[in-house]
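I opened my notebook to see how this chain packs together. Here is the structure, followed by what I looked up.

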Amino acid sequence: MAPGAARILVLEGFSPSNGPSSHLGTGSTEDMGRSIPECLRELDIRKSVVGLATGAGALYLLYKAVRAGIQCKPPLCTTSPICIARECAGPGERAVPPEAAAPEATPEGKPEGLAIERERHGRDSGELRRLLNSLECKQDAYNRSMILHSITRCVYLLEAEASACSTDDIRLLGDMLDDDNKSVKIQALNALKAFSGIRKFRLKIQEHTIKVLELISTIWDTELHVAGLRLLNNLPLPDFVHPQLRRVMPSLMEIVQSDHILSQVQALRLMSYLAQKNDLLYDILNCQVHPNFLNLFQATQPGSLLLEVLVFAERLSEGRNSPHYRAVKWHYNEQSLHEALFGDDSRLADRLLALVIHPEEDVQIQACKRALGILFCL
């Protein structure tokens, strides 16, 4: 038998050892005598049928996989912050099943939806309490950070639930400032800032002022600086923190001279407030500054930063010209803030006069008012 004929017979289901396949009639000389083109055409048809069947099977398996994924229910408890906030039980509490966490229906039979909607109807959603309770569970740093972030949002959105919290909750948030993770510290500062808008918690939050000042002065991170300074600017600082303020004054001045606008603005607001304290004014004026400190008074600076630095200079000018301050002869170092602003070689007057060309009209008007106030005191 020729090699080509043997290959055709094998493709058609005939093997020398087993004989013809069941679909071929025994002794059918007509099938065995077909030409090569006819066999190839039949082979192409079979390949097409097999390919079509394979593709249909793959599509069916894909459909089952997608359907199974859609119908899959999440586990009863995971490590995600959302699940923790809803299902992690606090001390002495039982874990809340998913069915119990579903929003209750209104008298009309319609669910009220978001927690803020339930509070709008005078009902406590319990969301803030669940989040605070979940902080007492053992969580990793990421989950602690996300829970604190959710607490901050709830305090701003759910005013009634936030007001119903206790000083123990504030203490719990304050303990998070000692966390080893920097992100947890930042989120704890933001949460305390949110609670500081409620008057009854301010005294308790003030107890953490020294810790906040320590974080700002020892960790050089712009996000942490902004969070900590925003908290301090939202609190009346008691006199007992003045010694700590004197120690961190150089760090605050470094933040003022940094390249991050948000932290600079917040630091200047705090320094303007402290400049009105008679026992802190000298410590501020004697702080060492960079030789290019007056660049903060350039008209090319952002309007928000320029206004804050003008208010700061105005407070310093008013303080140093007060009778109480002038009654003492003070000595300043050569690189001090006092010498940069009010020294014999200072170029502050020239910088102030140049502010009339600021591109923003509102900033230009306010800058001119502040500049004139400072010039009259020079």
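Before counting anything, I set my terms: buried means under 20% relative accessible area, exposed means over 50%, and partly exposed is in between. I also keep in mind that this is a predicted model.

**Entry 1: a helix on the inside**

I started with helix α10, residues 182–195. Its 14 residues reach 20 Å from first C-alpha to last, close to the 20 Å expected at 1.5 Å a residue. Is this helix enclosed or open to the outside? I found 10 of the 14 residues of α10 buried, so the helix is largely enclosed by the rest of the structure. Among the buried ones I noted Val 184, Ile 186, Leu 189, Leu 192 and Phe 195. Lys 185 and Gln 187 are on that list too.

Next I asked which helices the buried residues of α10 pack against. I listed α7 (141–157), α8 (159–163), α9 (167–175), α11 (202–206), α12 (209–218) and α13 (222–233).

I then checked the N-terminal end of α10 and found Asn 181 capping it. A side-chain oxygen of Asn 181 lies 2.9 Å from the backbone nitrogen of Ser 183.

**Entry 2: the core**

The largest nonpolar core has 84 residues. Ile 151, Phe 195, Phe 293, Phe 297 and Leu 316 touch the most other members. I was pleased to meet α10 again here, since it gives the most to this core, with 8 residues.

I followed one of those well-connected residues, Ile 151. Leaving out residues up to four places away in sequence, Ile 151 touches Leu 128, Leu 131, Leu 132, Leu 135, Leu 173, Ala 191 and Phe 195.

**Entry 3: the rings**

How many aromatic pairs does a search of the whole structure find? I got 5. One of them joins Tyr 282 and Trp 330, stacked at 4.8 Å centre to centre with 25 degrees between the planes. Tyr 282 lies in helix α16 (residues 278–285) and Trp 330 in the loop between α18 (323–326) and α19 (337–342), so this pair ties together parts that are 48 residues apart in sequence.

Trp 330 also pairs with Tyr 325: the ring centres are 4.9 Å apart and the planes at 15 degrees, so I logged this pair as stacked. I compared burial as well: Tyr 325 is buried at 4%, whereas Tyr 282 is partly exposed at 24% and Trp 330 is partly exposed at 32%. Ring pairs link Tyr 282, Tyr 325, Trp 330 and Tyr 332 into a cluster.

My last look was at a charge over a ring: Arg 320 lies over the face of Phe 342, at 4.4 Å from the ring centre.

Technical notes:
Residues numbered from 1 in each chain as written. Predicted model: local features only at pLDDT ≥ 70, side-chain atom pairs only at ≥ 80, totals over all residues. Heavy atoms only, no water. Phe/Tyr/Trp six-rings, centres within 6.5 Å; stacked < 30°, edge-to-face > 60°. Helix = DSSP H or I, 4+ residues; strand = E, 2+ residues; numbered from the N terminus. Buried < 20%, exposed > 50% of the residue type's maximum accessible area, 1.4 Å probe, protein only. Lys NZ or Arg CZ within 6 Å of the ring centre and 35° of its normal. Expected span 1.5 Å × (residues − 1). Contact = heavy atoms within 4.5 Å. Polar contact = N/O pair within 3.5 Å; in protein donor to acceptor, adjacent residues only side chain to side chain. Core = buried A, V, L, I, M, F, W, Y, C linked by side-chain atoms within 4.5 Å.
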